[in-house]
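Dear colleague,

I am handing over the structure we spoke about, and below it you will find an account of what turned up in it. Please read the notes with the model open beside them.

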Amino acid sequence: MSEDAPFLKPNEYRDTWCGQVLGDRVGEEVVVSGWVHRRRDHGGLVFIDLRDRTGMVQLVFNPDESGGSFDLGHTLRPEFVVSARGRVVARDPGTVNPEMATGEYEIHVEAAEILAESDTPPFEIEGFRSEVGEEVRLRHRYLDLRRPRMQEAIALRHRLVTEMRSFLDRSGFLEIETPVLTRSTPEGARDFLVPSRQHRGSFFALPQSPQLFKQLLMVSGFERYFQVARCFRDEDLRADRQPDFTQLDLEMSFVGVEDVIELNERLMAYLLGQMGVDAATPFPRISWDEAMVRFGTDRPDMRFGHEVVDLTEVLRGTEFKAFGGVIESGGAVCGINFGERDLPRAQLDGLIEEARELGAKGLVWAFCEDGGWRAPIAKFLSAEEQTGLNEALGAEEGDLMLVAADEHHVAAGILGGLRTRLAERWDLIPEGPDRLVWVVDWPMFEQDPDTGDWNALHHPFTAPDGEFDPADPGSAKAQAYDLVWNGVELGGGSIRINRPDVQRQVFRTLGIEDEEAEERFGFLLEALRYGAPPHGGIAYGIDRFAALLAGFDSIRDVIAFPKTASGSDPLTGAPSPVDDHQLREVGLTSRKQAPKSS
């Protein structure tokens, strides 16, 4: 019996999984069921590859053995559902199929039955990605999910979540469900709103996360909580975003940053180990400031070098106005050395366009040549400046350097974005171990450059590191931490505010005055007055985690029924209009039907 095959209680349809037809079954009579994966009719013999969730096995229909079922074998077509009874036989050495786990064995069919016929599928099930668009795949997702690669991905996701629950259960956590219908609270994205039939004019919101409820559970004295939580955010989609998604949410009482990090390092090492990935603890740490300076992002991929270098002091006083003007206005010039490259002018111009897509006003490329620069702007830089730039960037003959000038975080961010894009294109990532890193010491707030308003860099419930001075929000540090795996944020968390006076100060800093805070968060502020312990936690994106483990670029490939990039569901047609009666029941009118204002 295959160790990976699930338990099977024999019945009229099967007593053996397809993936279990191995050497220990030779000579036995078995009953299998599944879908016809492919069919080969050789006239005298019919060969069928039968597929179930555990794998495939070859069925052989032979007129001397199959009796009346031999004719049935000729009628089978891809995706017919079939049950077959027969004897397991070792294949002749010359007919072994090394592409199948059961490829050394086959079933000589004695009797078979068609359980369901199938129309011709709109795309081949055999390959993982045949030449078919995502819209078609998702329109027929139930067929797409039959692909072995997709079955493996969904099974991997199941194992990941099962191991999460197992570890946390052994660590004293309780799994507690929190409401899906709640009130609207700001957490960085738009809420999905649900009109209430019984309370006309009022709305529930689907939760962006269980954040406030898990804090209330800590006030309630449960001390260690977790949940595999469904979350909802009405935001623009990307490869790693969906309007509804799943996260592992956990919270602990009487802890500080080190306690949360220590438990989560053990959790991650265990999960990755169960999935065949080595993750030695403790994980390295980098401050948010250092990550932004060296990599231009708070999600640094530390598997390779080519880091951002500040060139401002080398160029201070330069006569090249594009650099000098930025420096004089308080900005910075940053660069990255991408090593020895030989690129045509068209590709170099393409890099400039990519930088503009990332928000750059422009980009300078240069090659180290004879100790100086070969670049369109070389004539505007002195020999001393060119030498100094090469030294600062560690450039050697033939190395390509990309340089941007702007406010420091903008210039570094643009180059960090190019670094990420070019890593795979230019094979910059060496073979070797995965890199997990904690990003710590986050600023508590960031200021909107246009309005001057302060925004929480994590969320409004994150505790400050030390005393919080409302008069100087820009200097406040947060007790926050993100875990990054090979340049992808796996999860983020923080120690939470457990004093109502501090929470009110933070709300005021964010422009939420006391009256509004009471209206929107009065239940939390009241709870904090009744003895809230120090507490903190973290949340991990399960979809993203599973996609990384499965080797997919998009989380859609590890979600059974995902939405498209536009947020729609081709399978069910959602979102869709509802009839007038349903709208009237909740006190709403469609805008296209709404009466004109006088």
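Two strands are taken to pair if DSSP finds at least two bridges between them. Please keep in mind throughout that this is a predicted model. By that rule strand β1 (residues 29-41) and strand β2 (residues 46-52) are a pair, since six bridges join them and they run antiparallel, with D41 standing opposite V46 in β2. Both strands belong to a closed barrel of five strands, which runs β1-β2-β3-β5-β4 with mixed pairing. Neighbouring strands of this sheet are turned against each other by 55 degrees on average, direction ignored.

Further along the chain, strand β17 (residues 436-443) is largely enclosed by the rest of the structure, because seven of its eight residues are buried. It has parallel pairing with strand β11 (residues 285-287) through three bridges, where S287 has V440 of β17 as its bridge partner. With strand β20 (residues 477-485), β17 pairs in the antiparallel sense over seven bridges, and here the bridge partner of L436 is W485 in β20.

Some backbone details deserve a look, given that most residues other than glycine have a negative phi, and most peptide bonds are trans. A cis peptide bond joins T281 and P282, with omega at about 0 degrees, and P282 lies in the loop between α6 (257-274) and β11. Another cis peptide bond, with omega at about -5 degrees, joins A574 and P575, the latter lying in the loop between α15 (542-550) and α16 (580-585).

Positive phi values are found at E79, near 80 degrees, and at F254, about 55 degrees, neither of which is a glycine. E79 is in the loop between α1 (69-75) and β4 (81-90) and counts as buried because its relative accessible area is 2%, where buried means under 20%. F254, in the loop between β10 (244-253) and α6, counts as exposed at 56% relative accessibility.

On the surface, L193, F203 and L588 make a nonpolar patch of about 270 Å². Of these, F203 sits in strand β8 (residues 203-205) and is partly exposed, at 42% relative accessibility. In the loop between β7 (193-195) and β8 lies G201, which is exposed with a relative accessible area of 63%. From C-alpha to C-alpha, G201 and D370 are 73 Å apart in space, while 169 residues separate them in sequence.

With best regards

Key
Residues numbered from 1 in each chain as written. Predicted model: local features only at pLDDT ≥ 70, side-chain atom pairs only at ≥ 80, totals over all residues. Heavy atoms only, no water. Patch = residues over 30% accessible without salt bridge, like charges linked within 9 Å, V, L, I, M, F, W, Y side chains within 5 Å. Areas by Shrake-Rupley, 256 points an atom, 1.4 Å probe, with all protein chains shown as cover. Salt bridge = Lys/Arg side-chain N within 4 Å of Asp/Glu carboxyl O. Helix = DSSP H or I, 4+ residues; strand = E, 2+ residues; numbered from the N terminus. Buried < 20%, exposed > 50% of the residue type's maximum accessible area, 1.4 Å probe, protein only. Axes fitted to C-alpha atoms, helices over the stretch in contact; angles between N-to-C directions.
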